[in-house]
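I opened the notebook to look up one loop residue first. The strands, the helix pairs and the chain contact come after that.

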There are 2 protein chains.
Amino acid sequence: MSATKAYAAQSPTTPLSPFNFERRETGPNDIKIDILYCGVCHSDIHQVRDEWGGSIYPMVPGHEIVGRVTETGNLVKNFKVGDIAGIGCFVDSCRTCPNCQSGLEQYCDNGMVATYNGREKVTNNPTYGGYSTQIVVDEKYTLKVSPNLLLEGVAPLLCAGITTYSPLRHVGVGKGHKVGVLGLGGLGHMAVKFAAAFGAEVTMLSSSPSKEADAKKLGAHHFALTSDKATMNGLQNHFDFILNTVSAQHSYGTYLDLLNTNGTMIVVGVPPTPSEVPAFNLIMKRRSIIGSLIGGIKETQEMLDYCAEHNIVSDVEVINVQDINGAYERMIKGDVRYRFVIDIASLK
Amino acid sequence: MSATKAYAAQSPTTPLSPFNFERRETGPNDIKIDILYCGVCHSDIHQVRDEWGGSIYPMVPGHEIVGRVTETGNLVKNFKVGDIAGIGCFVDSCRTCPNCQSGLEQYCDNGMVATYNGREKVTNNPTYGGYSTQIVVDEKYTLKVSPNLLLEGVAPLLCAGITTYSPLRHVGVGKGHKVGVLGLGGLGHMAVKFAAAFGAEVTMLSSSPSKEADAKKLGAHHFALTSDKATMNGLQNHFDFILNTVSAQHSYGTYLDLLNTNGTMIVVGVPPTPSEVPAFNLIMKRRSIIGSLIGGIKETQEMLDYCAEHNIVSDVEVINVQDINGAYERMIKGDVRYRFVIDIASLK
């Protein structure tokens, strides 16, 4: 056991505050990591405030974790002390179901173990996330991170990055494709970077004219204001793919109409209530909608390696952990370009 | 021009009644067909009653047409007098857009010309459908029908058949797949036949316990009552594909949950208002929804050839054209197993 400092929510209504606890021993397959940076995901707010139900308190949020290995169990093969390691949204899964066997642990038939607000398989103890000084994780659920990348920008790759990389790869986005990215936030800004890196012609679809300059800096070739009717009419049947990152309530129909024959809308945002789908908008051009959840360990590693090769990281605002409650308020207003990342040195 | 007897709607509110008109001359690329049978599609009712807007009166419905060639234009290559021919939902398209060029005329960028309630490209005259003694169509939009098949059972293949065959082929349904068919009507009964013929394990999903015996006769291996909670719970994450033929209002969420990882719901029914899609149900197993509209000429011919080879036709109730208004009322109640087909001899 090792003393760990953290910031935690003690209930759905109290601000996050300092919290000390004991991390589990480093088991034979585990590595212990001194956390350097932890990204702040919008789902942290939902879970801290119990907006999805079932929250476990005290809760140490954070599933976009980058740190340095300080200890390795005696069966660990792929990590050594001093390596840079990353932890994403889950730290275990059943390892035996068809999804786990095929590298899709995020869809584990028996439920993945979330990095926080979950329960460890053997002990049933709560899992505590990355707003903390250290974490202990089985090496099979740990990623290798190139020390050449800007590490604060790597943290959000573990969730926002893989959430957009995985479906763009799954549907085969590449050269010759017209891709629309709907919504420029933590997910959207990574989607623009990846789709452009894969060779697609990328259009940012946003309701905020102020985001045009940023979208183009991120790699978007075009910007389309979704509130402008003429613009939207001109984009009917235009895209091969639309990556929809919007988590506010909206109907899918308007955006389905922007897809060409066989076009696909990828849904990664989760609006609070179900979205409407007019069947005609799907049927008239054999359009489709596909959902996607983060990515498996193998693909997350592939993404990190791709990012190292192409020097891709998230655009972040680094904060001290003491600023976390204010950061949440800014995120709710959409006031962050494009991800807050906690400098864990502020906890020590 | 040639005198043609038909049944037509004169307004959205009057019953169909006898109607005589002149068919166009048989042009150099046209064939003239003496219609033998015409299937009755639910969309006939919607258009007769102007429920989709824009209906053209008088309207001669019918787009599931089988007949015998009686005349051929001097440039016609593939048909001769005496051949059995079929006409489906459209009789022309722009022929030049990417969709037309790739055999997806149903998604023509400039709009296909519907077999009825449309307008001919050159003359802008209304098109009149198959509740009539004869029809004149360009051979490129005409299908070859094997005279060995029961012709009254072939008529519905031109719409209900291809509407289900095409998406099952597009998504690659075959051996080893678990396929659910939602709704046992004109579309559903063909979906069961095709999915079973392609080698899939087929489950009929229906709210009517009375349909179990029929579903199994049609080739379904299993029957699941959608109102039974235990049955539905047992089918969570079960199917690779669900073909959703339901045109009544319903949420897609319940059925998405029956799909396994990477499972796809194919939508061919058009509910009167948009359906709800909870994003979580898509995201949690990388599930998708795809729409599909009838099929192109090449694939419709492929389906008819497949049906001839495997002796597949629709299960039909043959009626006289004078019974059409009563047939509509029965269709609205779902009281037909599984398609009405008009014996056009009753018009002569």
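**Entry 1: a loop serine**

I started with A:S292, which lies in the loop between β16 and α10 (297-310) of chain A. Helices here are DSSP runs of H or I with at least four residues, strands are runs of E with at least two, and both are numbered from the N terminus. This is a predicted model, where local features need pLDDT of at least 70, side-chain atom pairs count only at pLDDT 80 or more, and totals for chains, interfaces and linings use all residues. Residues are numbered from 1 along each chain as its sequence is written, while chains are lettered from A and ligands numbered from 1 in the order in which they are written.

Is A:S292 buried or exposed? I found 27 C-beta neighbours inside 10 Å, so A:S292 counts as buried. The rule is 20 or more other C-beta atoms within 10 Å for buried, 12 or fewer for exposed, and partly exposed in between, with C-beta atoms placed from the backbone.

Next I listed the contacts of A:S292, leaving aside its neighbours within four places in sequence. In chain A they are A:S166, A:P167, A:H170, A:I266 and A:V268. From chain B come B:I283 and B:R286. A contact means that the C-beta atoms, placed from the backbone, lie within 7 Å. I also checked A:G234, 58 residues from A:S292 along the chain. Their C-alpha atoms are separated by 28 Å.

**Entry 2: helices α4 and α10**

In chain A, I took helix α4 (residues 160-170) against α10(A). Their axes come within 10 Å and cross at roughly 100°. The two helices are therefore roughly perpendicular to each other. Axes are lines fitted to C-alpha atoms, for helices over the stretch in contact, and angles run from 0 to 180 degrees between N-to-C directions. Angles of 65 to 115 degrees count as roughly perpendicular, under 35 as roughly parallel, over 145 as roughly antiparallel, and the rest as oblique.

Which residues of α4(A) and α10(A) meet? A:G161, A:I162, A:Y165 and A:S166 meet A:E299, A:T300 and A:M303. By class, this contact has three nonpolar, three polar and one charged residues. Ala, Val, Leu, Ile, Met, Phe, Trp, Tyr, Cys and Pro count as nonpolar, Asp, Glu, Lys and Arg as charged, and the others, Gly among them, as polar.

I then turned to chain B. The axes of α4 (residues 160-170) and α10 (residues 297-310) of chain B come within 10 Å and cross at roughly 100°. B:G161, B:I162, B:Y165 and B:S166 meet B:E299, B:T300 and B:M303.

**Entry 3: strand β13 and its partners**

Strand β13 (residues 239-244) of chain A has six of its six residues buried, so it is largely enclosed by the rest of the structure. Strand β10 (residues 178-182) of chain A pairs with β13(A) in the parallel sense over four bridges. Pairing requires at least two DSSP bridges between the strands. A:V179 stands opposite A:F241. Five bridges join β13(A) to β14(A), also in the parallel sense. There A:F241 has A:T264 as its bridge partner.

In chain B, I looked up B:L182, found in strand β10 (residues 178-182). With 28 C-beta neighbours inside 10 Å, B:L182 counts as buried. B:L205 is 23 residues from B:L182 in sequence, and 4.7 Å from it C-alpha to C-alpha. Leaving aside neighbours within four places in sequence, the contacts of B:L182 include B:L205, B:I242, B:L243 and B:Y255.

**Entry 4: an antiparallel run**

β3 (residues 30-39) and β4 (residues 65-72) of chain A pair in the antiparallel sense over seven bridges. A:I31 is matched with A:T72 in β4(A). Four bridges join β4(A) to β5 (residues 84-87) of chain A, again antiparallel. A:V66 has A:G86 as its bridge partner.

**Entry 5: where the chains meet**

How many residues does each chain give to the contact? I noted 30 residues from chain A and 30 residues from chain B. On the chain A side, β14 (259-267), β15 (275-277), α9 (279-283) and β16 (288-291) each supply at least two residues. That side has 17 nonpolar, nine polar and four charged residues. Three bridges join β15(A) to β15 (residues 275-277) of chain B, running antiparallel. A:V277 stands opposite B:S275.

**Entry 6: chain A overall**

Chain A has eleven helices and 18 strands. Of its 348 residues, 50% count as buried.

Notes
Two residues are in contact if their C-beta atoms, placed from the backbone, lie within 7 Å.
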